[in-house]
Amino acid sequence: MDTVIEIINKAKANGIVLYLKEDKLAYVSEKGNFTDSLKTKIKNHKQDIIDYLAAKANEKPVEVEPFSLLLDSEKDLNSSDYDDVYPMSALQSGMVFHTQLDDFSGTYHDLNGMHIKCPWNQNHFETALKACVLRHPLLRTGYKLDSERPLQLVYKARPLPLMVEDIRDKSEAEQDAYLAQWQESRKTH
């Protein structure tokens, strides 16, 4: 088993991800990362790697304690304001980098809208939204980008992200123009 783990770790170190696709060994790699010696090792231990990855896929995920992924220099973030703090993923960091590089052009903002015809009850809507925010930590997550490494901060509580504007007094064309302008302004928010 140590050989299989060694091969998988060597692949990761070279920027190669080995995984199972329909019970067959597959990989993702940038061109040139796959050395001949690594190809040979994988070929010689292919079934062992498949068995290992299949077993790992069936394992229950390891529970990670809150704040356990912080470096010693970040321990001051273990505060009563947060449920957890942990590093941003490489993908998230890349998205932040490109957002800043593109001068916050809104590339990674997806705004969708729909018309719903029903009576409006703001209190009921706020109650439902509060329940969603409490239930899903992602909706209470912010980012700290000015530290040693970018971090995600899962707040215990956040102000309700709700802004209500009544535009029924505008014509349909004015409403469409207002919503288009609002969406453009929110892309950089």
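**View 1. Three charged residues share a network of salt bridges.** In this predicted model, salt bridges link D83, R140 and K156 into one network. Start with the contact between D83 and R140: their side chains meet in a salt bridge, with 2.9 Å from N to O. The two partners come from distant parts of the chain, 57 residues apart. D83 sits in strand β3, while R140 belongs to the loop between α5 (122-135) and β4 (141-144). How buried or exposed is each partner? D83 has a relative accessible area of 32%, so it counts as partly exposed. R140 is buried, because its relative accessible area is 5% and the cut-off for buried is under 20%.

**View 2. Two further salt bridges can be picked out along the chain.** The whole structure holds six salt bridges, and this view turns to a pair of them. In one, E59 joins K56, and their closest N and O atoms are 3.4 Å apart. E59 is partly exposed, with a relative accessible area of 45%. K56 also falls in the partly exposed class, at 40% relative accessibility. In the other, D166 pairs with R168, and here the closest N and O atoms are 2.6 Å apart. R168 counts as exposed, because its relative accessibility is 69% and the cut-off for exposed is over 50%.

**View 3. Twelve residues build the largest nonpolar core.** Look for V4, I7, I8, A11, I16, L18, F34, L38, I42, I49, Y52 and L53, which make up the 12 residues of this core. Three elements each give two or more residues to the core: α1, α2 (36-44) and α3 (46-58). Which of these gives the largest share? The answer is α1, with four residues. Among the core residues is F34, which counts as buried at 17% relative accessibility.

**View 4. K10 of helix α1 and L38 of the core.** K10 is found in helix α1, which covers residues 2-13. With a relative accessible area of 43%, K10 is partly exposed. L38 is one of the residues of the largest nonpolar core. Along the chain, K10 and L38 are 28 residues apart, and their C-alpha atoms are separated by 7.9 Å.

**View 5. An aromatic pair meets edge-to-face.** A search of the whole structure finds three aromatic pairs. One of them is formed by Y27 and F34, an edge-to-face pair with 4.8 Å from centre to centre and 85 degrees between the planes. Why does this pair count as edge-to-face? The angle of 85 degrees lies over the cut-off of 60 degrees, so the pair is given that name. The two rings differ in cover: Y27 is partly exposed, at 49%, whereas F34 is buried, at 17%.

**View 6. An arginine lies over a tyrosine ring.** This view shows R158 and Y155. R158 lies over the face of Y155, at 4.0 Å from the ring centre. Y155 falls within strand β5 (151-155).

**View 7. A nonpolar patch appears on the surface.** Three residues, V17, Y19 and V28, form this nonpolar patch. Together they have about 250 Å² of accessible area. Y19 lies in strand β1, which runs over residues 17-21. At 31% relative accessibility, Y19 counts as partly exposed.

**View 8. Two loop residues have a positive phi.** Most residues other than glycine have a negative phi. D23 has a phi near 65 degrees, a positive value. D23 is found in the loop between β1 and β2 (24-28). Is D23 buried or exposed? D23 counts as exposed, at 66% relative accessibility. F67 also has a positive phi, near 70 degrees. F67 belongs to the loop between α3 and β3 (82-87). With a relative accessible area of 10%, F67 is buried.

**View 9. S171 is set beside a residue from elsewhere in the chain.** S171 lies in the loop between β5 (151-155) and α6 (172-186). At 37% relative accessibility, S171 counts as partly exposed. How many Å separate the C-alpha atoms of S171 and L111? They are separated by 22 Å, and the two residues are 60 residues apart along the chain.

Note on methods. Residues are numbered from 1 along each chain as its sequence is written. This is a predicted model: local features need pLDDT of at least 70, side-chain atom pairs count only at pLDDT 80 or more; totals for chains, interfaces and linings use all residues. Side-chain values use heavy atoms; hydrogens and water are left out. Patches are made of residues with over 30% relative accessible area and no salt bridge: like charges are joined within 9 Å, nonpolar side chains (Val, Leu, Ile, Met, Phe, Trp, Tyr) within 5 Å. Accessible areas come from the Shrake-Rupley method with a 1.4 Å probe; for residues, only the protein chains shown count as cover. A salt bridge is a side-chain nitrogen of Lys or Arg within 4 Å of a carboxyl oxygen of Asp or Glu. Buried means under 20% relative accessible area, exposed over 50%, partly exposed in between (1.4 Å probe, protein chains only). Rings of Phe, Tyr and Trp (its six-membered ring) pair if their centres lie within 6.5 Å; planes under 30 degrees apart count as stacked, over 60 as edge-to-face and the rest as tilted. A charge sits over a ring if NZ of Lys or CZ of Arg is within 6 Å of the ring centre and within 35 degrees of the ring normal. A nonpolar core is a set of buried Ala, Val, Leu, Ile, Met, Phe, Trp, Tyr and Cys residues joined through side-chain atoms within 4.5 Å.
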